[in-house]
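Work through the exercises below with pencil and paper. Try each task before you read its solution.

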Amino acid sequence: MEEIKQLIGKELHDFEGKFAEAVKSHVPLLDRIMHYIVKRKGKQIRPMFVLLSARLFAESINENTYRAAALVELLHTATLVHDDVVDDSLERRGFFSINALWKNKIAVLVGDYLLSKGLLLSVSNKEFRSLEILSQAVKEMSEGELLQIEKTRKLDIKEDIYFEIIRRKTASLLASACAAGAWSTTADEHTTEQMRLFGEKVGVAFQIKDDLFDYGTANIGKPTGIDIREKKMTLPLIYTLQHASPEKRRKIINIVKNHNKDKERVNEVIAMVNESGGIEYTREKMFQYRDEALAILHTFPDNDIRKGLESLVRFTTDRKF
């Protein structure tokens, strides 16, 4: 990550200032919450993808690029705030979540505020193509969440549905980040679509990595076993169910359906997933998507920025948190 930050260090620094400016409000309560959000920012992977995707095709980035990066971060932060409300999560990145400090009603309104600020940022500057690219992601993310909720009720998710869910729910925003970055410096539809596909494959690999964390013991800023508690069928569990004996399958489904709040029973499921080879299979799939993304990236000229993007792709699958 340090190598990447050296490549676009100035751009990242400038972006942070522009983002802090973009979320300012005339309402004191909102300003306090925005300050809390800005000070506890995450790894900023999505803005990095925007900036690097723009620089891949130009010597320098422009104001359109900064606004695209800010729009991506605004949308991403809005979805995280809303997700914490939906999941009743009191922690985010090792800190209290917005809903933990200010309650659900305020958290929902804060998410709405962030979304509206992002939309206005594009409309005010007549950047309608960037807005279209990112609005598509918001639509896909909502559809992915609802598809997951629908399938979770029946616990009947097959592998193809799982990939459709994460393509929409997670990969669509990263895909749009890369597309918006490329568009900001090229205004070329073919290049933008190639970068969208690249980002989509990275996004799928990124989400698979997150799903693997749920079966580990590393301190990653959120509890492990949470997907099972929420009856989310991720690839390690789907693989295990597909290859389990009828008796073991019934046992796993019973725990996920009826005992998902019992830590010992959840740990039983985690152990069965590890024994079944579900973790190894999931890792193989993750690396497959990573390599497909790199194959697209390697169709562009080799330079320091391309190497930086490659490092960022590898970080998404090699990260420890």
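Four exercises follow, each with a worked solution.

The model is predicted, so local features need pLDDT of at least 70, side-chain atom pairs count only at pLDDT 80 or more, and totals for chains, interfaces and linings use all residues. Residues are numbered from 1 along each chain as its sequence is written, and side-chain values use heavy atoms, with hydrogens and water left out.

**Exercise 1. The whole chain**

Task: Describe the make-up and compactness of the protein chain.

Solution.
Step 1. Take the elements. The protein chain has 15 helices and two strands. Helices (H or I, at least four residues) and strands (E, at least two) are DSSP runs, numbered from the N terminus.
Step 2. Test compactness. The radius of gyration is 20 Å, close to the 20 Å that the globule rule gives for 321 residues, so the chain is as compact as a globular protein of that length. The radius is taken over C-alpha atoms, and the rule is 2.2 Å times the number of residues to the power 0.38.
Step 3. Look at the box. Along the principal axes, the C-alpha atoms fill roughly 60 × 50 × 30 Å.
Step 4. Check burial. Of the 321 residues, 52% count as buried. Buried means under 20% relative accessible area, exposed over 50%, partly exposed in between (1.4 Å probe, protein chains only).

**Exercise 2. Charged pairs in two helices**

Task: Find the salt bridge partners of glutamate 143 and arginine 168, and state how covered each residue is.

Solution.
Step 1. Recall the principle. Side chains of opposite charge can pair when their charged atoms come close.
Step 2. Apply the cut-off. A salt bridge is a side-chain nitrogen of Lys or Arg within 4 Å of a carboxyl oxygen of Asp or Glu. By this rule there are 25 salt bridges.
Step 3. Take glutamate 143. Its side chain meets that of lysine 139 at 3.3 Å, N to O. Both residues lie in helix α7 (residues 128-154), four residues apart, about one turn of the helix. Glutamate 143 is partly exposed because its relative accessibility is 31%. Lysine 139, at 38%, is partly exposed.
Step 4. Take arginine 168. Its partner is glutamate 164, with the closest N and O atoms 2.7 Å apart. This pair lies in helix α8 (residues 159-186), again four residues apart. Arginine 168 has 19% relative accessibility, so it counts as buried. Glutamate 164, at 26%, is partly exposed.
Step 5. Join the pairs. Lys139, Glu143, Glu164 and Arg168 are among the residues linked in a network of salt bridges, which also includes Glu193 and Arg196.

**Exercise 3. A covered helix**

Task: Which residues of α11 are buried, and what covers them?

Solution.
Step 1. Count. Helix α11 spans residues 235-243, and seven of its nine residues are buried.
Step 2. Name them. They are Leu235, Pro236, Leu237, Ile238, Tyr239, Thr240 and Leu241.
Step 3. Find the cover. It includes α8, α9 (189-213), α12 (246-258), α13 (263-276) and α14 (278-297).

**Exercise 4. A loop residue**

Task: Is leucine 155 buried or exposed, and which residues does leucine 155 touch?

Solution.
Step 1. Place the residue. Leucine 155 lies in the loop between α7 and α8.
Step 2. Compare with the cut-off. Its relative accessibility is 8%, so leucine 155 counts as buried.
Step 3. List the contacts (heavy atoms within 4.5 Å). Not counting residues up to four places away in sequence, leucine 155 touches Lys231, Met233, Ile253, Val256 and Lys257.
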